[in-house]
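Visitor: Could you take me on a close look at the sheet in this structure, and then at what surrounds it? I work in computational chemistry, so please keep the geometry in.

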Amino acid sequence: MSQPIPLSHHDVAHSLALFRQQSPLIHCMTNDVVQTFTANVLLALGASPAMVIDAEEAAQFSAVASALLVNVGTLTRSRSAAMLAAVESANRAGRSWSLDPVAVGALAFRTEFCHQLLNHQPAAIRGNASEIMALAQEAVSGRGVDSRHQSDAAIQAAQKLALQSGAVVAVTGEVDFVTDGQRTLSVSGGSPLMTRVVGTGCALSAVVAGFASLPGDRLIQVASACRVVSLAGERAAAIASGPGSFIPAFLDALYLLTPEELA
Ligand SMILES: Nc1ncnc2c1ncn2[C@@H]1O[C@H](COP(=O)(O)OP(=O)(O)OP(=O)(O)O)[C@@H](O)[C@H]1O
Ligand SMILES: Cc1ncsc1CCO
Ligand SMILES: [Mg+2]
């Protein structure tokens, strides 16, 4: 398997232009902590979020939305049934779905559920190093929702997970690595401040779900999602004085990003 190569600026510019043009409708089945932030991130970027969670409605909606996100951060038994119904319906309708395996490996029910979901053809999986290593069943000591591993330590796990599941896998941290199992791209940028507010990873996963639904090379689309978010994060951090002012600056930076300046 090849060494990571940097994502090209030209590819990010092209993907963002396509994302804005298509304005995907993104069905988010996400955790209770990040609902509003996730919706605001998608709106700032020019997509349309919808948080539909009842099992029957979710199955109905995932068949018509552009993309589905499943995030297990505040999973319950009944939510897992609704998520599975939505995933199966998205697959039947030929829609792509993506997974954020929050704290997988640390807790039994979500771990079992995430492994079950891997059999349902996810288009993309986005997690931190602990999560990606747990999902690929590498030896890890998961601590919950924060990663204890440098993302580069998880590259091999990400490649293995991509080959096992067929998904493009993004493992995020100081540098993000995105792989289809054969090719691996690196995305730098971002800011440590992104880890001092809740939900940047979860919102990134919703953006990944949207980009993964675009036509073209899915590896490049998912890496572009990571770059759009890391660039907005680094711009916001440059003007924020702490976590409180970071959030509005981050939404503004997402809104103001243009394909022209990315190229
Ligand atoms: N040390 C860092 N330096 C720069 N950027 C970072 C750093 N750590 C994380 N990021 C960026 O923050 C974003 C979220 O990634 P992270 O790996 O922190 O997700 P996460 O652990 O799932 O977060 P959460 O669960 O709180 O939503 C990504 O865009 C990533 O590139
Ligand atoms: C803090 C927290 N607890 C469950 S989900 C969540 C947000 C994950 O990023
Ligand atoms: Mg997370």
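Guide: Happy to. One term first: two strands pair if DSSP finds at least two bridges between them. Please also keep in mind that this is a predicted model.

With that term in hand, let us begin at β6 and β7. Strand β6 covers residues 124-128 and strand β7 covers residues 168-172; the two run parallel and are joined by 5 bridges. Within this pair, N128 stands opposite T172 of β7. Both residues matter for our next stop, as N128 and T172 are among the residues that come nearest to ligand 1, together with G190, M194 and G201. In total there are 23 residues around ligand 1. Two elements give two or more residues to this shell, namely α8 (200-212) and α9 (218-239). Of the elements, α8 gives the most, with 4 residues. Sorted by class, the shell around ligand 1 holds 12 polar, 8 nonpolar and 3 charged residues.

Now let us step back to the whole sheet. It is open and mixed in its pairing, with 9 strands in the order β1-β9-β8-β7-β6-β5-β4-β2-β3. The edges are taken by β1 (5-6) and β3 (48-50); each has a single partner strand, so one side of each is left without a neighbour in the sheet. As general background, strands of a sheet pair through backbone hydrogen bonds, either parallel or antiparallel.

Walking in from the β1 edge, we meet strand β9 (residues 184-187), which runs parallel to β1 and is joined to it by 2 bridges. Here I5 has L185 of β9 as its bridge partner. On to the next pair: strand β8 (residues 176-179) and β9 are antiparallel, with 4 bridges between them. One of these pairings sets T179 against T184 in β9. β8 and β9 form a hairpin with 4 residues between them, and in the turn G181 has a positive phi of about 100 degrees.

At the other edge, helix α2 (residues 35-45) lies across β2 (25-29) and β3, and runs at about 160 degrees to β3. The helix α2 also has a helical partner: its axis comes within 7 Å of that of α10, and the two cross at roughly 30 degrees. α2 and α10 are therefore roughly parallel to each other. Their contact is formed by N40, V41, A44 and L45 from α2 and by L251, L254 and Y255 from α10. This contact has 6 nonpolar residues, 1 polar and no charged ones.

From α10 (residues 243-256) we can move on to α9, since the axes of these helices come within 8 Å and cross at roughly 135 degrees. That angle makes α9 oblique to α10. The crossing is right-handed. On the α9 side the contact uses A232, G233, R235, A236, A237 and I239, and on the α10 side F246, A249, F250, A253 and L254. By class, these residues are 9 nonpolar, 1 polar and 1 charged.

Our last stop is helix α1 (residues 9-22), whose axis comes within 9 Å of the axis of α9 and crosses it at roughly 90 degrees. α1 and α9 are therefore roughly perpendicular to each other. D11, V12, S15 and L16 of α1 meet I220, Q221, S224, R227 and V228 of α9. The residues of this contact divide into 4 nonpolar, 3 polar and 2 charged.

Note on methods. Residues are numbered from 1 along each chain as its sequence is written. Chains are lettered from A and ligands numbered from 1 in the order in which they are written. This is a predicted model: local features need pLDDT of at least 70, side-chain atom pairs count only at pLDDT 80 or more; totals for chains, interfaces and linings use all residues. A residue is near a molecule or strand if its C-beta atom, placed from the backbone, lies within 6 Å of it. Ala, Val, Leu, Ile, Met, Phe, Trp, Tyr, Cys and Pro count as nonpolar, Asp, Glu, Lys and Arg as charged, and the others, Gly among them, as polar. Axes are lines fitted to C-alpha atoms, for helices over the stretch in contact, and angles run from 0 to 180 degrees between N-to-C directions. Angles under 35 degrees count as roughly parallel, over 145 as roughly antiparallel, 65 to 115 as roughly perpendicular and the rest as oblique. A crossing is left-handed if the near helix is turned anticlockwise from the far one by less than a right angle, and right-handed if clockwise. Two residues are in contact if their C-beta atoms, placed from the backbone, lie within 7 Å.
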